Amino acid sequence: MPIVAQSTETTDWVSRFADEVIEESERRAPGKPVVVASGLSPSGPIHLGNLREVMTPHLVADEIRRRGHTVRHLLSWDDYDRYRKVPVGIPGIDDSWAEHIGKPLTSVPAPKGSEHPNWAEHFKAVMVEALAELGVEYDGISQTEQYTSGVYRDQVLFAMKHRGDIDAILDQYRTKKGPAKKQQGQKPVDEAELEAAEGSGAAAEDDGSSAAGYYPYKPYCGQCEKDLTTVTSYDDETTELAYTCSACGFSETVRLSEFNRGKLVWKVDWPMRWAYEGVIFEPSGVDHSSPGSSFQVGGQIVGIFGGKQPIGPMYAFVGISGMAKMSSSKGGVPTPADALQIMEPQLLRWLYARRRPNQSFKIAFDQEIQRLYDEWDKLAGKVAEGSVLPADAAAYARAVGTAAGELPRTPRPMPYRTLASVADITAGAEDQTLRILSELDPENPLASLDEARPRLDKAETWINTQVPAEERTVVRDEPDVDLLKSLDDQGRESLRLLQDGLEQNWSLDGLTHLVYGVPKVQAGFPADATAKELPSEIKVAQRTFFALLYHLLVGRDTGPRLPTLLLAVGQDRVRKLLGA
């Protein structure tokens with residue numbers, strides 16, 4: 001059954017935008033499908049900041065579908081953009097790729113070893129797979145196909161005919177401050193923030209001005225395929241267009257009414273598409289929303305094409321928390337595919353759904369992912385018991401499924417931090433993993449690891465790719481005899497109390513009660529005494545006791561949660577290492 005968000009009873013941001021978009025669509029195009037749009041340039045790895053370009057309209061479109069309306073989510077692959085530079089850190093390429101700068105992305109060879117026909121398809125494929133896992137429904141549009149097949153021919157001719165009107169609009173901004181630049185001191189992308197901009201081909205690109213006049217069309221050279229061309233003349237009646245190429249010196253005259261090897265410059269291309277496709281809703285990154293930027297200028301140019309600017313919220317930065325250098329995405333920026341290796345799609349959807357587009361947030365690749373999962377599981381519990389706030393319930397519903405139904409989920413979602421600890425300790429040994437997970441709840445033991453998947457696999461991947469080797473857990477082979485001999489009476493008594501209770505308390509809850517209870521009992525309090533009933537010294541005693549256990553078991557001050565660690569090590573080995 002479809003998961004129904006409580007859209008009529010909530011005030012979450014998705015519902016508010018859905019209300020506005022439905023109303024605007026009925027005003028502009030009554031009776032027609034609601035059109036929302038995104039744009040992605042496969043010029044390299046499509047990162048988690050770019051994902052906001054897709055998730056924002058996806059969530060709004062999905063809410064509109066839940067209400068029974070027909071919606072089209074157009075995803076324009078800006079694969080006819082120029083290849084601007086050779087990215088750093090991409091395996092399978094070298095300096096020779098610089099010779100392709102200026103060509104369409106679909107004319108640039110894919111990295112060596114790729115199974116894809118060109119550069120654009122290589123990076124597009126990874127994103128397509130990630131969007132499928134995330135449950136994002138869309139209509140993909142290749143801009144290479146649109147332009148080279150002549151779909152936009154009438155729009156191109158119209159833009160050239162009205163180039164004076166377009167030039168007049170652009171001229172209002174040529175002497176004004178351009179798009180906002182990164183602030184001084186902003187951290188590099190792999191350390192702090194991924195700009196959610198760069199979503200749709202808006203990088204520095206000339207606007208069509210030249211000594212020969214203003215022309216909003218940019219041919220790709222007929223000889224070298226590059227866009228280092230200048231239009232030198234154009235005849236509105238015959239559509240004859242002459243251009244020269246500064247890269248190879250080639251020049252030719254063509255009839256634009258029959259010519260399909262070029263595209264409108266970005267600030268004209270984007271509003272042309274708004275009008276052509278009837279877009280009602282399309283968000284934009286911060287660089288598109290500043291004075292003189294593509295979105296603002298496009299809002300005026302779209303009128304020339306007989307269209308209107310979409311409802312377009314600005315979306316903010318997506319930050320990254322602690323991605324390990326050793327596993328960062330090819331090209332140095334983490335992608336949705338990277339995130340989906342370590343987290344279930346429901347969690348990733350939730351991170352985008354619960355924050356308004358203009359709110360920045362971070363996606364955790366470090367220890368913070370465990371806290372995020374705890375928060376997610378707590379929310380799931382509140383939803384199950386009916387104690388959740390309406391807006392939180394809506395965000396949860398949008399995360400776990402779409403109008404088409406639920407996303408595949410882990411049948412038995414155990415705590416992520418527990419699964420990670422077990423994967424760490426067992427080094428992925430399935431028999432040991434099943435033994436430990438089965439002992440977490442002896443009254444309802446896990447019958448198969450498949451019940452804990454895919455969450456178990458995500459946690460194991462996180463351990464293997466994001467936790468440095470020096471932080472991994474290695475259980476001792478032999479007791480620390482010197483440490484055991486140095487213990488005073490209180491230390492030896494604490495180990496005896498723990499071992500006496502192991503068999504009776506051999507479960508996750510039982511061992512949690514036991515390890516926290518030993519210091520209480522030693523201080524003369526009941527094992528189940530609450531924090532309010534205990535002096536502050538008990539917390540100090542507990543920390544001292546925990547540190548002793550970690551040293552005896554793994555040779556460090558800290559490690560995985562002790563109950564999980566004890567289960568993983570096993571009763572016999574625990575007794576041996578504690579000097580039974």
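**Exercise 1. Work out how confident the predictor is along the chain.**

Start with the average: this predicted model has a mean pLDDT of 90 over the chain, where pLDDT is the predictor's confidence in each residue, from 0 to 100. Next, 91% of the residues score at least 70. Then look for weak spots: pLDDT stays under 50 over residues 177-204, and residues 325-330 also stay under 50. The model still gives residues 177-204 70 contacts beyond four places in sequence, a contact being heavy atoms within 4.5 Å. Where pLDDT is low, though, the predicted coordinates should not be read in detail.

A word on ground rules: residues are numbered from 1 along each chain as its sequence is written, and side-chain values use heavy atoms, leaving out hydrogens and water. As the model is predicted, local features need pLDDT of at least 70 and side-chain atom pairs count only at pLDDT 80 or more, while totals for chains, interfaces and linings use all residues.

**Exercise 2. Find the partners of strand β2.**

Strands here are DSSP runs (E, at least two residues) and helices are runs of H or I (at least four), numbered from the N terminus. Two strands pair if DSSP finds at least two bridges between them.

- Step 1: β1 (residues 34-40) runs parallel to β2, joined by seven bridges. Val36 stands opposite His73 in β2.
- Step 2: β3 (residues 139-142) pairs with β2 over four bridges, again parallel. Here Trp77 faces Ser142 in β3.
- Step 3: add the helices. β1, helix α2 (residues 48-66) and β2 make a right-handed β-α-β unit; right-handed means that, with the strands pointing away from the viewer, the path from the first strand over the helix to the second runs clockwise. β2, helix α3 (residues 119-133) and β3 make a right-handed unit too.
- Step 4: check the cover. Six of the seven residues in β2 (71-77) are buried, meaning under 20% relative accessible area with a 1.4 Å probe, protein chains only (exposed is over 50%, partly exposed in between).

**Exercise 3. Explain why Cys221 and Cys245 form no disulfide with their closest cysteines.**

First, a disulfide is a pair of cysteine sulfur atoms within 2.5 Å. Now take Cys221: its closest cysteine sulfur, in Cys248, is 3.6 Å away, so the gap is too far for a bond. For Cys245, the closest is in Cys224, also at 3.6 Å and too far. Both residues are buried, Cys221 at 1% relative accessibility and Cys245 at 4%. Finally, a search of the whole structure finds zero disulfides.
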